Amino acid sequence: MFFDVKNQRGDKCWLRLAQDIISLSSGGVYFVPAAGNYGDALINIGSRQFFSKYSIDYVELDRREVLSEALDHLDPNALVVLGGGGAFCNNFSSTHQLAKKVSGYFRQVLILPTTYELSRIDANNIIYYRRDNFGSSEVIEDSKFCHDMAFFIELELDVPDFNDRVWRLYAMRADKEGHGLDGLFESNFDVSRIGDATYTNPKPFFRVISNFKVIVTDRMHVAIAASMLQLDCYLVVGNYFKSRDVFKSSIKAFYPKTKLFTVADFLKRFG
C-alpha cells in the first residue's frame, strides 16, 4: 500500500523563510547541515527539499570542517544557512559554537528552525528561526517561527497493511537528553541511531516506524515521523522544553493521534 506522508508544506511560514533567504542570497548561499543522528538527517533532507522547492541554489559545507578550519577560502559576502535542530542547548551546543564562529566572518547568517535554550550570539548579523512558539521565543524574542524542517519532507512510502503491523515500538533514547527510560524495555530500539545526519534518504527511517501500530518514544523525530504516518504515538518529554514545545507548536493541532506524556505519565502507563 502506497501512502503520502502528511507534511506541513501548506503552512505560510515556509514562504517567509524562503523570502528571507532569497532576499539575502545575492552573494551566494552556503548551507551547513545539522549534525547528529538519523533524526537530524530528516532535518537536512527536509531542508534540501525546501531549497529545491523554492529554487534556492546553494553550496553545501561540512559542519566539522567549518568548525575546525579557517574560513578564508570561502566568500565572506555569502549568506550562511545553518541547519536547524537541537544543538543550541545545554545538552548539545555545536550550532551555538558554529553560529558564533561564522558570524564573525560572513556578511549574514540565518539559522533554520531550532530550539533555543542558550542565549543569542553577540552579533547583529544573525537571523534566528525557531521551531516553537514557547520556550525558544522567550530566550530569543526576535526569532521567527517556522516548523521543524523535517515537516517539509514530501514522501510516498509503501507501508504494511495495518493488520500486518507489529503491536508496539519502544524507541527511547539513552543519551543525556533522556531520562534513562531505555533500560525499562528489553526490546527497546532507538531508531534514530540506525543512521547519522549524513543520510540523504528518509525512507528507511519511515519504513521502520511504519511497521508498528503504536509508537512510544522520547525521540522527537521518531514522533514526528510517526505523526506524519498518522500512527498512534506517545511522545515523552526530554530533560528540557524542546519536545514539549514543538509538540504544542507543530503536532498537537495537526496530528491528533500523537499524545504528549510527562515522565510520570509514561511510568504510570508503561513502566
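This is a short dialogue about helix packing and a sheet in a predicted model.

Reader: Happy to start with the helices. At what angle do helix 2 and helix 6 pack, and how far apart are their axes?

Author: Helix 2, residues 38-53, packs against helix 6, residues 203-210, at an angle of about 125°, and the axes lie 10 Å apart.

Reader: Which word describes that angle: parallel, antiparallel, perpendicular or oblique?

Author: Angles of 65 to 115 degrees count as roughly perpendicular and those over 145 as roughly antiparallel. The angle of about 125° therefore makes helix 2 oblique to helix 6.

Reader: Which residues meet there?

Author: From helix 2 come Tyr38, Gly39 and Leu42, and they meet Pro204, Phe205 and Phe206 of helix 6. By character, the contact has five nonpolar residues, one polar and no charged.

Reader: Now the sheet, please. In what order do its strands come, and is the pairing parallel or antiparallel?

Author: The sheet is open, with four strands in the order 9-10-11-12 and parallel pairing. At its edges are strand 9 (166-171) and strand 12 (258-261), each paired on one side only. On average, neighbouring strands are turned by 15° against each other, direction ignored.

Reader: How many bridges join strand 10 to strand 11?

Author: Four bridges link strand 10 (residues 212-217) with strand 11 (residues 232-236). To find your way on the structure, look for threonine 217, which stands opposite leucine 235 in strand 11.

Reader: And which strands does helix 9 touch?

Author: Helix 9, residues 263-270, packs on the sheet and touches strand 9, strand 10, strand 11 and strand 12. Its direction makes about 110° with that of strand 12.

Key. Residues numbered from 1 in each chain as written. Predicted model: local features only at pLDDT ≥ 70, side-chain atom pairs only at ≥ 80, totals over all residues. Heavy atoms only, no water. Axes fitted to C-alpha atoms, helices over the stretch in contact; angles between N-to-C directions. Helix = DSSP H or I, 4+ residues; strand = E, 2+ residues; numbered from the N terminus. Parallel < 35°, antiparallel > 145°, perpendicular 65-115°, else oblique. Contact = heavy atoms within 4.5 Å. Nonpolar A, V, L, I, M, F, W, Y, C, P; charged D, E, K, R; others polar. Pairing = 2+ DSSP bridges.
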